[in-house]
Amino acid sequence: MQHSLVINVPCKINLHLSVGPRREDGYHALKSIFLALDWGDRLCLEMKGPEGFWELSCDLLPDTEENLVTKAVQLFRERSGDMRGLSCRLEKRVPTGSGLGAGSSDAAMTLIALNRLLSNPLSREDLLSLALRLGSDVPFFIDAGCAWVEGRGEILKALPLPKELYFVLVIPPIHSNTKEAFDALDRQRLEGLLFKESPPFEALLAALDHDPAQWPYYNDFLPALMGRDDVEAREYSRLIDSLRAAGASYCGLSGSGSACFGVFRSSERAVEATFILKKHWKEV
């Protein structure tokens, strides 16, 4: 049996994000394409200490019961009944408030890592059930990859991975609060921001095989963020313009911000763009 495990935690971007009107339950109906990237946080688990022992260390997150990693451990122990001592080190690379799903991915990877470390006492269906209790985006990261996402984010349909594409992420020094972003979008729609009806699923799926320059994808939050008259709006506009100028075939915003991304058809062009963008932004 393994006594320690190190696992990479992927982040995600939204290739497409259509936000419906606010529902009676307070949530918005989403239609989105999630894509996991091979970059993110790092999770180190070790069986350590007496039965029932649990410790979490992380430079950027509080060691409280509100942390999703701690909640994931608690739910896993309740379901599996395994209370062996555990120590966890979470190495944060993805900033909070960047729209890259790092907190949800941390939680999902904690479930997966615990299951592997303890010889797989839970099935995939068990893990998905626990993931949904932790948050709407968490189930996606159990399988990661690429997926069509609906509802609050809990309805998933696996999609084929786009081929031979390279992504450059830029995370500006802006913290985006998800609730505030939804509230701002609602207000702007009441004031006249046009509501866009998402293209049919079939059209969005077919577009994955097309050149990114022809993608019909969009993110409803981006025009809302760029349409404001403030410093952050100008920063988003400058960032998207810089990605285009660096040769990106498609540019987008992930989640409700703040991370933006450019899609490139060659690794050489993506690397070149990275060097150009690093002259203006720290997190590239």
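In this predicted model, the structure holds 15 salt bridges, and three of these pairs are set out below with the distance between their N and O atoms.

| Acidic residue | Basic residue | N to O distance |
|---|---|---|
| Asp-186 | Arg-22 | 2.6 Å |
| Glu-91 | Arg-42 | 3.4 Å |
| Asp-106 | Lys-92 | 3.1 Å |

The salt bridge between Asp-186 and Arg-22 links distant parts of the chain, since Asp-186 belongs to helix H5 and Arg-22 to strand S1 (residues 4-22), 164 residues apart. Asp-186 is buried because its relative accessible area is 16%, under the 20% limit, whereas Arg-22, at 41% relative accessibility, counts as partly exposed.

In the salt bridge of Glu-91 with Arg-42, Glu-91 lies in strand S4 (residues 86-91) and Arg-42 in strand S2 (residues 28-47), so the pair ties together parts that are 49 residues apart in sequence. Glu-91 is partly exposed at a relative accessible area of 26%, and Arg-42 is partly exposed at 27%.

Lys-92 and Asp-106 also meet through their side chains; Lys-92 sits in the loop between S4 and helix H2 (102-117) and Asp-106 in helix H2, so this pair ties together parts 14 residues apart in sequence. Both Lys-92 and Asp-106 are buried. Elsewhere, salt bridges with shared partners join Arg-22, Lys-179, Asp-183 and Asp-186 into one network.

Helix H5 (residues 178-190) also holds Arg-189, which is buried with a relative accessible area of 17%. The Arg-189 side chain reaches the backbone oxygen of Val-19 at 2.9 Å, and, leaving aside neighbours within four places in sequence, Arg-189 is in contact with Val-19, Gly-20, Pro-21, Phe-195 and Asp-220.

Definitions and conventions:
Residues are numbered from 1 along each chain as its sequence is written. This is a predicted model: local features need pLDDT of at least 70, side-chain atom pairs count only at pLDDT 80 or more; totals for chains, interfaces and linings use all residues. Side-chain values use heavy atoms; hydrogens and water are left out. Helices (H or I, at least four residues) and strands (E, at least two) are DSSP runs, numbered from the N terminus. Buried means under 20% relative accessible area, exposed over 50%, partly exposed in between (1.4 Å probe, protein chains only). A polar contact is a pair of N or O atoms within 3.5 Å; within protein, one must be able to donate a hydrogen and the other to accept it, and residues adjacent in sequence count only if both atoms are side-chain atoms. Contact means heavy atoms within 4.5 Å. A salt bridge is a side-chain nitrogen of Lys or Arg within 4 Å of a carboxyl oxygen of Asp or Glu.
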